[in-house]
Amino acid sequence: MTPIDPAFLLISLLEYGKSGVFMPADHIFDEIAKNMKGPEGEQLGADSAQIKSIFGLVSLKCTQVALRRICENKDLAPDTAVYRYSKEKAIQYLRKKVDRLVESKALEQSRTIIRTLARDGLMDDGKEDLLKEGRVKAACDLVGQYLSSSLKAELLSSYDLSKLEKYLKEYLEEEAPLKSSTNTAKGKGATAKDGDKKRKAAKSSHGVEQLKKANTTGMAKLSSFFTKVEKAK
C-alpha cells in the first residue's frame with residue numbers, strides 16, 4: 001500500500017459535498033455520505049464500501065490535522081472544532097507541495113520529466129528562466145494527478161507561466177512543419193539515409209543531446225514522489 005497525504009482525499013470529498021457553513025467533521029462527512037451517488041446514479045446505502053470508507057477516514061487523527069490545512073476552522077471548546085472548506089486555503093497548501101517539489105531533486109529523478117523538458121528545448125543553454133517555469137508546470141502536473149481537472153487548472157493558473165506558454169506555442173508551431181515533412185517522407189517510402197540523418201540531427205536540441213549522455217541509473221518512477229506522509233505540525 002502506498003501512503004498518501006489524506007489532504008488529497010479530503011479535497012476531493014469536500015469539493016463534492018462543499019458547504020458554506022461551519023460544521024463538526026462528523027457532520028461534514030454525514031452530508032457527503034448523504035449526497036454520494038453510485039456509478040449508475042443510485043443512492044449509496046450506509047453499508048456500502050464507499051460510505052464505510054468515508055466514515056473510516058473521518059475517525060483518523062491525520063484527517064483532523066489535514067482538515068485544518070485546507071479548511072477554515074474554529075475551536076469552540078478544547079475537544080470541539082468546526083470546519084468550512086476553503087478552496088483558497090487548499091490552493092495555498094497545494095502550492096507549498098509544488099514549491100517543495102520544484103526546490104527538491106525529485107524532478108531530476110524522473111526520466112519522463114527530464115525527457116519532456118529536453119524534448120521541449122528547455123534544457124538548452126540560455127533558457128534557465130524558461131526551465132524554472134517548466135519545472136513548476138511539471139510539479140503542478142504531478143500534484144494534479146490527485147486533483148480534479150478544474151482544481152488542477154486553478155493550481156496552474158495561480159502561477160505566472162506566461163513566458164513558458166508563449167515559448168511552447170512558438171516552439172510547437174516551428175516543429176509542426178518538420179514533423180509534417182518527416183511523416184510525408186515516410187509515407188512516400190523515402191529511403192535517403194543521409195537526408196534522414198540530417199533531419200534527425202536538426203530536430204535534436206542541445207538538451208536532448210545532453211539527455212542521451214545522462215546517467216539514468218537509479219532514477220525513481222513518478223509513483224514514488226508522493227510516498228512519504230507529511231508529518232503533522
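This passage describes the fold, the strand pair, the salt bridges and selected residue environments of a predicted model.

The chain comprises 11 helices and two strands. Read from the N terminus, the order of elements is α-α-α-α-β-β-α-α-α-α-α-α-α. Of the 233 residues in the chain, 36% are buried. When contacts between residues at least 6 apart in sequence are considered, 65% of them link residues at least 24 apart.

The two strands form an antiparallel pair. Strand 1 covers residues 71–77 and strand 2 covers residues 80–85, and six bridges connect them. The connection from strand 1 to strand 2 is a hairpin of two residues. Within this pair, Cys-71 faces Tyr-85 of strand 2. Cys-71 is buried, since its relative accessible area is 0%. Cys-62, by contrast, is classed as partly exposed because its relative accessibility is 38%. The number of disulfides in the model is zero. A disulfide is a covalent bond that links the sulfur atoms of two cysteines.

A salt bridge also spans the two strands. The side chains of Arg-84 and Glu-72 meet with an N to O distance of 2.7 Å. Because Arg-84 belongs to strand 2 and Glu-72 to strand 1, this pair ties together parts that are 12 residues apart in sequence. Both partners are partly exposed: the relative accessible area is 26% for Arg-84 and 32% for Glu-72.

Beyond the end of strand 2, Ser-86 occupies the loop that leads from strand 2 to helix 5. With a relative accessibility of 7%, Ser-86 falls under the 20% limit and therefore counts as buried. Apart from neighbours within four places in sequence, the contacts of Ser-86 are Ile-70, Cys-71 and Glu-72. Two of these residues have been described above: Cys-71 as the buried residue opposite Tyr-85, and Glu-72 as the salt-bridge partner of Arg-84.

The whole structure contains 10 salt bridges. One of them joins Lys-87 and Glu-154, with the closest N and O atoms 3.0 Å apart. Lys-87 is part of helix 5 (residues 87–103) and Glu-154 is part of helix 8, so this salt bridge ties together parts that are 67 residues apart in sequence. Lys-87 is partly exposed, as its relative accessible area is 24%. Glu-154, at 32%, is likewise placed in the partly exposed class.

The surroundings of Glu-154 extend this link between helices. Helix 8, in which Glu-154 is located, runs over residues 149–157. With neighbours within four places in sequence set aside, Glu-154 is in contact with Lys-87 and Ile-91. The C-alpha atoms of Glu-154 and Ile-91 are 7.9 Å apart in space, while the two residues are 63 residues apart in sequence. Of the two contact partners, Lys-87 is therefore bound to Glu-154 by the salt bridge that ties helix 5 to helix 8.

A further salt bridge lies within a helix. Asp-141 pairs with Lys-137, and the closest N and O atoms are 3.4 Å apart. Asp-141 and Lys-137 are separated by about one helical turn, because they are four residues apart in helix 7 (residues 128–144). Asp-141 has a relative accessible area of 25% and is partly exposed; Lys-137, at 32%, is partly exposed as well. Through salt bridges with shared partners, Lys-137, Asp-141 and Lys-152 form one network.

Aromatic residues were examined for ring pairs and for charges placed over a ring. Two aromatic pairs are found in the whole structure. Such pairs are described by the distance between the ring centres and the angle between the ring planes. Among charges over rings, the charged end of Lys-74 sits over the ring of Phe-22, at 4.5 Å from the ring centre. Lys-74 falls within the residue range of strand 1 (residues 71–77). In another case, Arg-95 lies over the face of Tyr-159, with a distance of 4.0 Å to the ring centre. Arg-95 falls within the residue range of helix 5 (residues 87–103), the helix that also holds Lys-87.

Definitions and conventions
Residues are numbered from 1 along each chain as its sequence is written. This is a predicted model: local features need pLDDT of at least 70, side-chain atom pairs count only at pLDDT 80 or more; totals for chains, interfaces and linings use all residues. Side-chain values use heavy atoms; hydrogens and water are left out. Contact means heavy atoms within 4.5 Å. Rings of Phe, Tyr and Trp (its six-membered ring) pair if their centres lie within 6.5 Å; planes under 30 degrees apart count as stacked, over 60 as edge-to-face and the rest as tilted. A charge sits over a ring if NZ of Lys or CZ of Arg is within 6 Å of the ring centre and within 35 degrees of the ring normal. Two strands pair if DSSP finds at least two bridges between them. A salt bridge is a side-chain nitrogen of Lys or Arg within 4 Å of a carboxyl oxygen of Asp or Glu. Buried means under 20% relative accessible area, exposed over 50%, partly exposed in between (1.4 Å probe, protein chains only). A disulfide is a pair of cysteine sulfur atoms within 2.5 Å.
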